There are 2 protein chains.
Amino acid sequence: MSAPSEAHDASCATCRRGRPRSERVKHKVLEAAAELLEKRGFKGLTIEAVAERAGASKVTIYRWWPGKAALATDAFLAVLAPLAPFPESRSPLEDLREHIFGLVSVLTGRWGPVTASLIAEGVSDPEVRAAMLARWIEPRRVQARKVVARAIEAGEMHPEVDPEVVLDSLYGPLYLRLLFGHEPLDAAFATQMWKNALAGSAVAR
Amino acid sequence: MSAPSEAHDASCATCRRGRPRSERVKHKVLEAAAELLEKRGFKGLTIEAVAERAGASKVTIYRWWPGKAALATDAFLAVLAPLAPFPESRSPLEDLREHIFGLVSVLTGRWGPVTASLIAEGVSDPEVRAAMLARWIEPRRVQARKVVARAIEAGEMHPEVDPEVVLDSLYGPLYLRLLFGHEPLDAAFATQMWKNALAGSAVAR
DNA sequence: GATTTCCGAAACGCGGCGTTCCGTAATCGA
DNA sequence: TCGATTACGGAACGCCGCGTTTCGGAAATC
């Protein structure tokens, strides 16, 4: 349940006496979980279906993960964590803009609804929320915070703005449209939203 | 030639033959559902508990509502729909600002977590999402749209801004903090967010 | 080869949803 | 007044999915 999934005490997994646990089965389970997650979302995911598709047994799954929530978050993050890496090349504001648009393309894609279903589950399941915050939301915010700080140093952003407010003003509208679907979440919206949000914090030039 | 009894039946639902349905029981069920919803959220709400607390039977509940989702949304909206009415007195931007701060105080209160749990349920349950959009989100957006239009007419807002983007830029950050809880949702945040969001669309004076 | 541990299959208990059945209570029509 | 009709509370049921237990067999270490 901590960063990489290590459900049981495996300090010296290979040193133990008997038959070692099969990493191959673990990967097949993660793969099957990811496929079913993409097809049916978190609520439609059942341990029984994962076991059947992976050719494994429920006991084996529960040996690796404490429950459905941990398995789902692991499968989700194994796929999405590497996506949309943070750019580090141009000006701070340009990096931030590119990051936001990359996030939009992720949330617009096949895994957008899955992201929404896991965020929704996190509302009532503290472990899912903690995992999503620590491994999906926060890693991006950490880098975005740095970029905002660089933008302030470079004189591209007003020094009195609160970086957290800036981040929430950028992420909030995206996730709102992802979760409600009341209006389309696309590049056109991101463009307007970016212009609107940055006007309040960026230094006019 | 249609039988006269048919027209009579169709026009007057309460004129049916047998024992009439008790509106009093319906209200007790709604009340019990609201109490349990506030205490345990949507996922912790069970029909059995509602029936017991209301002194009713499950059959009666299923006679009034098709399922748990419909009962929960009705109970939620019966309490929250009248809250935070839209002000209509001062300047358009002042009305909009007051509306946003009223919404923050609602989402910060006892029913904030319940709101989050129903939004979360709506992600996977189309009926809950439709009910929340039509009876919670959209009524406020309709009025907020009008205020934005008035602000544009009054020259307080740039005429080229998309009202939907403005609304999402205001609501999005609030709901993001409500759902994730990564940073506090309070008046201080609302103040900064408001300043930041409006700077991009309001006309400087 | 003996021991230890993992594996897949099957069955179980639990809880909650939604349904069915029964005896009772309330209202309408004759 | 009396039967027909409909709603009510209580109890039981089937269903499904989670998480657990049990069992026989297989794989790796000693």
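Tyr62(A) is located in helix α3 of chain A, which spans residues 58-64; helices are DSSP runs of H or I with at least four residues, numbered from the N terminus. In this predicted model, local features require pLDDT of at least 70 and side-chain atom pairs pLDDT 80 or more, whereas totals for chains, interfaces and linings use all residues. Residues are numbered from 1 along each chain as its sequence is written, chains are lettered from A and ligands numbered from 1 in the order in which they are written, and side-chain values use heavy atoms, without hydrogens and water. The relative accessible area of Tyr62(A) is 39%, so Tyr62(A) is partly exposed (buried: under 20%; exposed: over 50%; partly exposed: in between; 1.4 Å probe, protein chains only). A distance of 9.2 Å separates the C-alpha atoms of Tyr62(A) and Ile47(A), 15 residues apart along the chain.

The surface near DNA strand D (residues with a heavy atom within 4 Å of the strand) draws at least two residues from each of α2 (47-54) and α3 of chain A and α4 (58-64) of chain B. Helix α4(B) provides the largest share, four residues. Among the 26 residues around the strand, Arg17(A), Lys58(A), Arg19(B), Thr60(B) and Arg63(B) come nearest. Of the strand atoms within 4 Å of the protein, 66% belong to sugar or phosphate and the rest to bases.

Base nitrogen and base oxygen atoms of DNA strand D are both approached: a polar side-chain atom of Arg19(A) lies 3.5 Å from a base nitrogen, and a polar backbone atom of Arg19(B) lies 3.0 Å from a base oxygen.

Technical notes
A polar contact is a pair of N or O atoms within 3.5 Å; within protein, one must be able to donate a hydrogen and the other to accept it, and residues adjacent in sequence count only if both atoms are side-chain atoms.
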